[in-house]
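Q: Got a minute to go through this one with me? I'd like to talk about overall build first, then the core.

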Amino acid sequence: MRTPTGWIFGTALAVVLAAGAPPATAEEGIYVPLLTYRTGNFAGSGTPIANGMRDYLEMLNQRDGGIGGVKLIIEECETGYDTKKGVECYESTKGKNPVVHNPYSTGLTLQLIPRASVDKIPLLTMAYGLSAAADGRVFPWTFNPPLTYWDGASVFVRFVAEKEGGVDKLKGKTIGLVHLDAPFGREPIPVMEELAKRYGFNLKLYPVPAQSMQDQASTWLAIRRDRVDWIYNQGWGAMNPTAVKEAVRTNFPIDKLVGVWWAGGDDDARAGGADAKGYRTLSFHGAGTSYPAMQDILKYVYDRNLAVGDRAKVGENLYSRGVYNSALIAEAIRTAQQVTGKKVVTGEDVRRGLESMNISDDRWKEMGFEGFAAPVNISCDDHSGHNRVFIAQWDGSKFVRGSDYIEPMKDLVRPMIESAAKDYAEKNAGWPKRTEACDGRS
Amino acid sequence: MFYREAGQFKTSYYADQAIFPILQDRIGVAAILFVAFTLPLAASDFFVGSVMIPFLVFSLAAIGLNILTGYTGLISLGTGAFMGVGAYACYKLTTIFPDVPIVAHILAAGFFSAAIGVIFGLPSLRIKGFYLAVATLAAQFFLQWCFVRIPWLYNNNASGAIEVPVRTLMGIDVTGANATPMVRYYVILAIVVAMTWVASNIVHGRVGRQWMAVRDMDIAAELIGIRLLNTKLLAFAVSSFYCGVAGAVMMFLWYGGGEAADAFNINQSFNILFMVIIGGLGSLIGSFFGAAFISSFPTLLKFGLPMVGIHIGSASVEHLTHFAIGALIIAFLIVEPHGLARLWQIGKQKLRVWPFPY
Amino acid sequence: MTSLDSAQGGVFNLKLGTGAWVLIGFALVAVVTALAVQAGALTRGDALYAVLVDPFVQMADMPDLLIQTLWDGFVAGMLYALIALGFVLIFKASGVFNFAQGIMVVFAALTLVGLHEFGFNAWIALALTLGVMFALAVAVERVVLRPLVNQPDIILFMATIGLTYALIGLGEFIFGGSPKVMITEELFLPRGSIDLKVFGGFVSLQKLDIAAAVIAFVMIAVLSAFFQYTRIGRALRAVADSHKAALSVGISLEQIWVIVWFTAGVVALITGIMWGARSDVSFALQIIALKALPVLILGGFTSVPGAIVGGLIIGIGEKVGEFYWGPLLGKGIEAWLAYMIALTFLLFRPQGLFGEKIIERI
């Protein structure tokens, strides 16, 4: 056999042996794995989020020496938005006592939900994943603050009603839902259908297959034919910039196109050029670098050359999303430390911490995020909180706040979530009953 | 010296037709099986769950595609979708008949996949080569569309996902979150070993020879009395059966539910085709080699490098892995265009004459 | 045509040409439908009405939308044709089914935008990108094609898959995975649209799309002229006909391969600029390259005009199908419609519109 092959086999063998060996024991600290994606077809949305998540935690390490004096061990694992790689990442990090997992993919979340309770690692799926998981009585280990996709759809309808001059004006209007033709995209459909029935507007669905993400010509032509008044865009990755461009191209009034919070990347809106000015998206946090905590990130992470991202992109909308997510992680760990009195907390402790988490306006201010986001409140029953969101609007160069905070229609969404959760438990025969005690409000 | 057939006399036709006529081969297979069955006792859960289970699942799918592409010469890019049919069929079956053991459902799901495979195999009677490959793409995209658009397939689940219910076998959980990687590994291993044995018998028998005759020259095969219609469709059926079982196993014993439509996308089809070509067309053992190379090697590279002390950023590892896999594919093809299986044969040949070169 | 070929043709190869039969079929359906509507057998609300009558009623009611659909289909078709053209060039000259064409599109566009981000002037970046594509062509010939000469098709196909992986890894490693905005203004590509008022509605033609169509036409014309009238072009055609014969008259295969891969690289760059301008430059673009496959089937793997006609049929068929018939199936049928069109087509004409008949001898 010639040498190259032998060498390849040798390397492969060495790697096999190495991988079989037990993992090295983690040093003293709190292990926070970040399942991120900077590669693949969705890297465009994934990279700024990954940077934001990483930078905030790194900043805590640099500025405060971690949380409560315990250093955070941050490890990124690349999922490429691919479920197979995601599960590998989950399995490989599971053994190192992670305190929380962030799958950052609805597909991966669906797979990890049953495992979370077995492995005793809480899942923090910040405003994505399974909407039904907001029912803490059925899903004690899964958290989706600050709100679910179903809440988001209801906020959109509320916003439209406000702009049109009252809910009674919705009658006869045509509202379109442009969505990725995948479970993530189909998520808001039941709520939208319910709302269409309640308020008498026509709901039109415009699925965009993943293969035609970047070629939406016929979708937008159909929108033109149907004379749609408002559009809600439940898209992700390359689908969003294309949607914005197509809206501009077909002369759709851009300020009547409202994206879900994941359609709010700066790159998404920038693609539309000057014509994209006025594009709206739901959001639950501010953007920009004016917040003290953001300044700290620049100071402790970027000035010390510890960052992997581009300094100019700090404070962009999706970057801020990552920071927000990490702030929730940090706050959960801190709450867990308070609740348990321990310094080095485990996944079980952080689950309790998440259930007792209450970030008030004052607390946001203490964290250096005054006015960054609305208070977040999670309880044992309600793992999402159905918190308020606002509409951000693209001003041509950045997203600015375009509305007051809008309350989701909890009266409509909550019963739907509860029945969906019940349904989930029934379909997954043998779904464990909640045995975890509730700490209550501390 | 140790590996040669000298002195092993066959006294009956039956013995001469054995799949492993040489004693050393039988010992070798026994050793491999022994290692396969004892491996989980020694290896970590991560290794069993994230390396071995995917390896076995993909091996099964690769065997399926190899039957079609390697033995019958029909290229298919619809493998992912056929796997998906198996997964969805298994899901429907187990929710309709919850009391039947899950393994029976997994095998039954293969028949649904086979039926769909036959339908999409019909164009193979008129077209071949890359034209056929593109025709099977129609199957891939159409079926994938069905997986999203027909809510009945996923029991009208709001998130469009397959949710795998807990199923037990002899009192032990084999699906669901409580099933340990070891248990799932053993179930998969049993299925893969049994199905590989069946496949080996099929391809070495009359049917397999018909397939190969069609592959080598369909017109000549027709002239010696092989019915092309039946043979090609049978290849599609058997191949899809294997893929369907692999898909059901993948969803139920490896993934444990989730966004199935996405798991069976076009990339999956391509991956399995790569496995078959890299492993060796028309070789069962090649299917295993190919699966190991395309599925397990990147995983090992990604998680193995940090463990041996090489630390690179998570994204860079991914880029380098991509690049390395690409370069290795080309390198392998240049060194041995007939796949890893051919290397294996050469190795055996060398071993036979070792220590003398001739 | 050999006797074997007609045997394979089967039932469809009756005395009338296939095309005539299809036309007669359509005409019959149309006449029967029209009669049924007249007689009141088909009424609004019928499933058959929705399939056979309603879309045409819509077309007549809103002609501006029909024109818009056709235009969108035309533009998409031109762009599909451009990708397919890259495939055809390489397949003709080296018999390689180049799976990497899709990623070459992304890679070329990414290199262009990436170099511009590194601070080069757009035109210098364009020149440098051409240089990179040339280097790539040389590398492919040296590293992939030359050692694999005379191997079966599927092995070469696999090698291009290896190339795909390598290019993805390389591209992401150098330029990062995040999407980039195509530098349209710097390349003097027009923006905005022309709105034509027709039939009481309007048809909006993007200047960019017009530019894309014009560039595609120019490109195809230049390529045809290049093949037809230059020495290298003749050599290319000779190689496409027979490697051995070409070699024996002193044509260097290596040189031809480099030229062909470079040409495909240039085509890829132009395709990348056009698609990139329509959405953005990211690795997700490679999915679109798959749409070139049904185009190839329609047009045949070896025919340049076939790639163009195939592209237009797929582009227009897909858009019209999705727009008028898609709602019946819950939309999103664009994902597979192109493949179904190609598949149906294959059953009638296995070698494609302009493909060469494959004559098999025992």
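A: Sure. The radius of gyration here is taken over C-alpha atoms, and the globule rule is 2.2 Å times the number of residues to the power 0.38. This is a predicted model: local features need pLDDT of at least 70, side-chain atom pairs count only at pLDDT 80 or more, and totals for chains, interfaces and linings use all residues. Residues are numbered from 1 along each chain as its sequence is written, with chains lettered from A and ligands numbered from 1 in the order in which they are written.

Q: OK, what radius of gyration does chain B have, against a compact globule?

A: Chain B has 21 Å, which agrees with the value near 21 Å for a compact globule of 358 residues. Its C-alpha trace spans about 65 × 60 × 45 Å along the principal axes.

Q: And how many helices and strands in chain B?

A: 15 helices and two strands (DSSP runs numbered from the N terminus: H or I of at least four residues for helices, E of at least two for strands).

Q: Switching to the core: which residues touch the most other members of the largest one?

A: B:Val245 and B:Val249, out of 373 residues. A nonpolar core is a set of buried Ala, Val, Leu, Ile, Met, Phe, Trp, Tyr and Cys residues joined through C-beta atoms within 7 Å; buried means 20 or more other C-beta atoms within 10 Å of a residue's own, with C-beta atoms placed from the backbone.

Q: Which helix gives the most to this core?

A: Helix H5 (residues 63-94) of chain C, with 19 residues.

How values were computed
A residue is buried if 20 or more other C-beta atoms lie within 10 Å of its own, exposed if 12 or fewer, and partly exposed in between; C-beta atoms are placed from the backbone.
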